[in-house]
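Reader: Hello! Could you take me through one residue of this model up close, and then set it against the rest of the chain?

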Amino acid sequence: MPRFSVIVPAYEVQAYLPECLESVLSQSFDDLELIAVDDCSPDGCGTVIDEYAARDRRVVAVHLPENTGLGPARNAGLARATGDYVLFLDGDDTFVPGALRAVAERLEQTGDPELLVFDYARVYWTGETVRHEFRTYLHQDGPAPFPLTDRPGLLRVLMVVWNKAYRRDFLTREGFTFPPGFYEDTPWTYPALMAAGTIATLDRVCVHYRQRRTGSILRTTSVRHFELFDQYDRVFAFLDSRPELARWRPVLFRRMADHFTSVFTAPGRLPRGSRARFFRRARAHYRRYRTPGATPGATTRLRHALVRLGSRRAFTALVAARTLLKAALHHTAALAHLTRGALLQLHYRTQLLLPVRPDRAVFAAYWHRGYACSPAAIEERVRELAPHIRTSWICDPAHAHTVPPGTRRIAPGTAAYWTALARSRYLVNNVNFDRRLVKRRGQLLLQTQHGTPLKHMGLDLMHRPAAARTMDFTRLLAAVDGWDHLLSANRHSSLVWQRVYPAAYRLLEYGSPRADLFHRATATEVALLRESLGIPEGHTALLYAPTHRDYVHPQPELLDLDRLLAALGPGHTVLARTHPTHGTPLTWTDPRIIDVSAHPSVERLCLASDALVTDYSSLMFDYAALDRPIVLHLPDDQAYRASRGTYLDITACPPGAVAHDEDELIALLTSDRWRDARAARLRAAFRARFCPHEDGRAAERVVRHLFLGEPPETLPPATPLDARHPAPALGALNRPRDTQPAEVPVGGPAAGKAHVPTAPPAATPVFPAPRPD
C-alpha cells in the first residue's frame with residue numbers, strides 16, 4: 001500500500017499534462033501511485049497517460065467512456081486509490097520539487113491527521129509567481145493537529161481540493177464524493193474541513209497553480225456558472241444533516257454571499273442577458289440560507305443588503321462607483337506624484353547653484369537596499385579615520401534599520417536626497433546613482449562595483465541580448481563618464497573594468513573593502529553571528545548562494561536542499577540565500593534550512609558559514625579570502641555560459657571541488673573530497689590569483705588616498721598571503737591550513753599546471769584608464 005495516491009484528472013490539457021505528471025513522478029519521495037484519469041479528452045491526453053503508464057509502474061491509467069466533468073473524473077480516480085493519503089492535482093498544475101517529501105514529513109510530525117492543508121502559488125503565463133493572500137492561516141506555530149474550531153481562518157483559504165492531503169479512511173468513513181458541474185470543489189472542501197477531527201497545516205508552497213491565458217473554466221463565458229447555486233445547496237444540505245456543525249452556518253452563509261457577488265462582478269463569466277436572472281437566484285439563496293451571526297465589514301454589509309433586497313441596479317451602480325473612485329484616486333495620486341517630482345527637481349536645480357560641501361560624503365549600495373557591500377566598509381572607515389567628514393547613507397525606509405547610528409539616513413527621492421547629491425563632495429556607490437544626477441566640478445564619485453567579474457558585464461553585454469534585455473548602453477556610458485575613480489579587487493578585474501567601462505576615471509587596485517570584515521572579525525563575533533542566525537553549536541553550516549539566471553524566468557530551483565540535508569544527515573545546517581531577483585516563493589521545509597535571503601549583509605553570512613556552495617556568483621572571489629572550502633554546483637554550465645558569457649572557464653581554475661549535477665554534489669559533500677588536500681590546493685591557487693590585496697585594509701587604503709589625500713606610495717602595502725589570519729570557522733569542520741607551493745595543478749587530470757602569481761609590489765599603483773576612442 002503506497003503512502004500517497006495522487007489523482008490527476010485530464011481534459012484538453014495535452015500541452016501541460018506531461019509537465020504535470022513529471023512533477024509527480026520526479027518527486028524525491030516516491031512511495032506513491034499516480035492515478036491519471038482521461039476524461040474522454042478529445043485531444044492527446046489519453047495517449048500521454050498511456051505513455052507514462054507504460055514506462056512507470058506507479059502510473060495507473062484510467063480512461064472514461066464519456067466526458068463526465070472534473071468532479072466525476074476525480075471520483076473515478078478515488079475509487080481506484082489505495083494509498084494512506086489522497087492528493088489531487090489538476091492536469092495543468094504541478095507539484096514543486098520536494099513537495100511530497102515535505103507533506104510526508106509534516107504528516108509524520110503531526111500524528112497522521114485526517115486532513116493537511118498546504119500552500120500554493122499562482123504561476124501566471126507571463127512568468128510571474130504569487131503566493132496566495134491568506135497564507136498566514138497556514139502558520140505552523142502552536143499545537144498540531146487541531147480541530148477547525150482552533151483555526152477557523154482556514155475557511156478563508158481558497159476553496160480548492162488540490163491544496164490538501166486527505167487520509168483515505170477519513171474520506172471513506174464520511175462517504176465524500178464530488179458532484180458534477182462547475183465549482184465542484186465547494187461542496188467537497190467545506191464539508192471536509194468541517195468534518196475533519198484532526199487538521200494540520202504546512203506553510204510551504206507545494207503546488208504551482210497555473211493561470212492560463214485561455215482555457216480556464218473561470219475565464220469561460222457560460223450559463224454553467226449558474227451551477228454555483230446547486231453547489232451551495234449541497235453545502236447547506238450537508239450542514240442540515242450534521243446538527244453538531246451548526247456553528248459554521250453563519251460563516252458559510254457569508255462566504256456564499258461573497259462568492260455570488262464575486263461571480264456576478266467578474267468580467268466575462270455570465271453570458272449577455274443572464275445577469276438579471278443570476279442576481280435573482282442569488283437573492284433567493286440569500287433569503288433561503290440567511291443566518292444571523294455573520295458580521296462582515298461595512299462595505300460588504302452594504303453589498304449583501306443589496307443582494308437581499310434584489311437591488312441589482314443599485315448593486316451595479318455601487319460597483320461602478322467604487323471602480324470610478326479607485327480610478328480617480330489613482331489619477332489624483334499620479335498628478336500629485338508628478339507635481340512632487342517637478343518641485344523636487346526645482347529644489348535640486350537650486351541646490352546645484354550652492355557651493356559643494358567639502359566635509360560631506362554620501363553613500364549607497366544595491367539600489368538603496370540597505371547598508372552593505374564595499375560602500376558600507378568604506379563609510380565605516382571614513383567615520384574612524386576621517387571623523388571631520390559627515391557621512392550620509394541613502395536607503396529605502398524599509399532598510400533604514402541596517403544603517404549604523406552614527407550615519408545620517410536619507411530616503412531616496414526626498415529633498416534631503418537631492419540636496420546630498422547636489423552638495424556632497426564625495427559620492428560612493430556600487431551601482432550607478434540616479435540618471436538625473438548632475439556631476440559637478442569639485443565632486444568626487446567613487447564606483448566600487450560589487451564583486452570580481454566572472455560573467456560578462458558592461459559593453460560586453462551588447463552581444464548578449466538575454467542578459468542585457470533592455471539595457472540602455474548610451475545611458476550606461478553617460479553614467480560611467482561621471483566616475484572619477486573605479487575600485488578594483490585584483491588585476492583580472494582591472495583589465496575587465498577598463499575594457500567594458502571605458503572612460504577617463506582612475507583605477508584603484510586596492511582590494512575589495514567588503515572583504516575587510518573577514519580579517520577584522522574575531523572568533524567571538526563569529527560565534528555571536530552563528531547564534532543570531534540559529535545555527536546549532538557544532539553544526540557544519542553551508543552557505544548556499546546561487547546567482548541569477550538571465551536565460552530563464554521565473555528563476556529555477558537548481559538544488560533540492562531538503563534532499564541534500566537528508567543525505568548529509570545530522571550536524572549540518574544550510575544558510576540559503578536566493579538572488580535578490582529570484583522572484584519565486586521558497587519551497588524548502590527542513591528546519592535545518594535557514595532562509596537568509598533578506599539578511600542585510602552577505603559578508604556576515606560568509607563569516608557564519610563553514611563552506612560556500614555556489615555557481616557563478618562573484619561571492620566566491622570574496623569568500624576565497626576566508627580560506628574556507630568552496631564547492632561549485634554547475635548544473636546548467638553550457639546554458640549559462642551561452643546566454644551570459646564568462647571571462648574565465650571556472651571549471652579549469654576552480655576555487656575547490658566542482659559538481660555538474662545534484663547527484664554529484666551530494667556525492668561530493670557526503671565524502672571528504674570537497675575539503676581534502678586537492679580542494680585546499682585549488683583554493684590556495686585561486687586565493688593567490690584573485691585575493692592579492694584582501695588583508696582587511698582595502699577600505700583603509702581607499703580612505704587614506706581619496707578622503708585624506710595621502711599619495712599612493714605611502715598607503716599600507718598588502719600583507720603577504722602566509723601572514724594573513726582570516727576569522728576562524730567555528731563549525732564541526734576541522735581542516736589543517738594548507739601550505740602548498742605556489743605552482744599547483746588545477747582543473748581535471750589533463751589540465752596541466754596553473755601558475756600562481758607572486759605577491760604584488762608593496763605600493764599598489766594607480767592606473768589611469770584610457771579615454772574612449
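Author: What follows starts at one residue, Glu 33, and then moves outward to the rest of the protein.

Happy to. This is a predicted model, in which local features need pLDDT of at least 70 and side-chain atom pairs count only at pLDDT 80 or more, while totals for chains, interfaces and linings use all residues. Residues are numbered from 1 along each chain as its sequence is written, and side-chain values use heavy atoms, with hydrogens and water left out.

Glu 33 sits in strand E2, which covers residues 32-38. Helices (H or I, at least four residues) and strands (E, at least two) are DSSP runs, numbered from the N terminus. Glu 33 is buried but has no salt bridge: Arg 168, the nearest side chain of opposite charge, is 6.4 Å away. Buried here means under 20% relative accessible area, exposed means over 50%, and partly exposed is in between, with a 1.4 Å probe and protein chains only. A salt bridge needs a side-chain nitrogen of Lys or Arg within 4 Å of a carboxyl oxygen of Asp or Glu.

What does the side chain of Glu 33 meet instead? It makes a polar contact with the side chain of Ser 5, at 2.5 Å. The backbone nitrogen of Thr 82 is 2.7 Å from a polar atom of the Glu 33 side chain. (A polar contact is a pair of N or O atoms within 3.5 Å; within protein, one must be able to donate a hydrogen and the other to accept it, and residues adjacent in sequence count only if both atoms are side-chain atoms.) Leaving out residues up to four places away in sequence, Glu 33 touches Pro 2, Phe 4, Ser 5, Val 6, Arg 58, Arg 80, Ala 81, Thr 82 and Gly 83. Contact means heavy atoms within 4.5 Å.

Now for the wider setting. The protein has 773 residues, 54% of which count as buried, and it contains 25 helices and 25 strands. Its C-alpha trace spans about 90 × 65 × 50 Å along the principal axes. Among contacts with a separation of 6 or more, 74% come from residues 24 or more positions apart.

On the charge side, there are 96 positive and 81 negative side chains, and the centres of the two sets lie 10 Å apart. Lys and Arg count as positive and Asp and Glu as negative, while His and the chain ends are not counted; each charge is placed at NZ of Lys, CZ of Arg, CG of Asp or CD of Glu. Side chains of opposite charge can pair when their charged atoms come close.

A search of the whole structure turns up 42 salt bridges. One of them joins the side chains of Arg 74 and Asp 185, at 2.6 Å from N to O. Arg 74 is in helix H3 (residues 70-79) and Asp 185 is in the loop between helix H5 (168-174) and helix H6 (186-195), so this pair ties together parts 111 residues apart in sequence. Both partners are covered: Arg 74 counts as buried at 0% relative accessibility, and Asp 185 counts as buried at 10%.

Another salt bridge pairs Lys 439 with Asp 484, at 2.5 Å from N to O. It links distant parts of the chain, 45 residues apart: Lys 439 is in the loop between strand E13 (424-429) and strand E14 (444-447), and Asp 484 is in the loop between helix H15 (473-480) and strand E15 (485-488). Here the partners are partly exposed, Lys 439 with a relative accessible area of 30% and Asp 484 with 26%. Asp 359 and Arg 360 also form a salt bridge, with their closest N and O atoms 3.7 Å apart. In addition, Arg 381, Glu 384, Arg 520, Arg 697, Glu 700, Arg 704 and Glu 710 are linked in a network of salt bridges.

Finally, some backbone details. Most residues other than glycine have a negative phi, and most peptide bonds are trans. Ala 144 and Pro 145, however, are joined by a cis peptide bond with omega about 5 degrees, and Pro 145 is in the loop between strand E7 (129-131) and strand E8 (164-167). Cys 373, in helix H12, has a positive phi of about 60 degrees and counts as buried at 3% relative accessibility. Trp 367 also has a positive phi, near 55 degrees, and is in the loop between strand E10 (357-363) and helix H12 (373-385).
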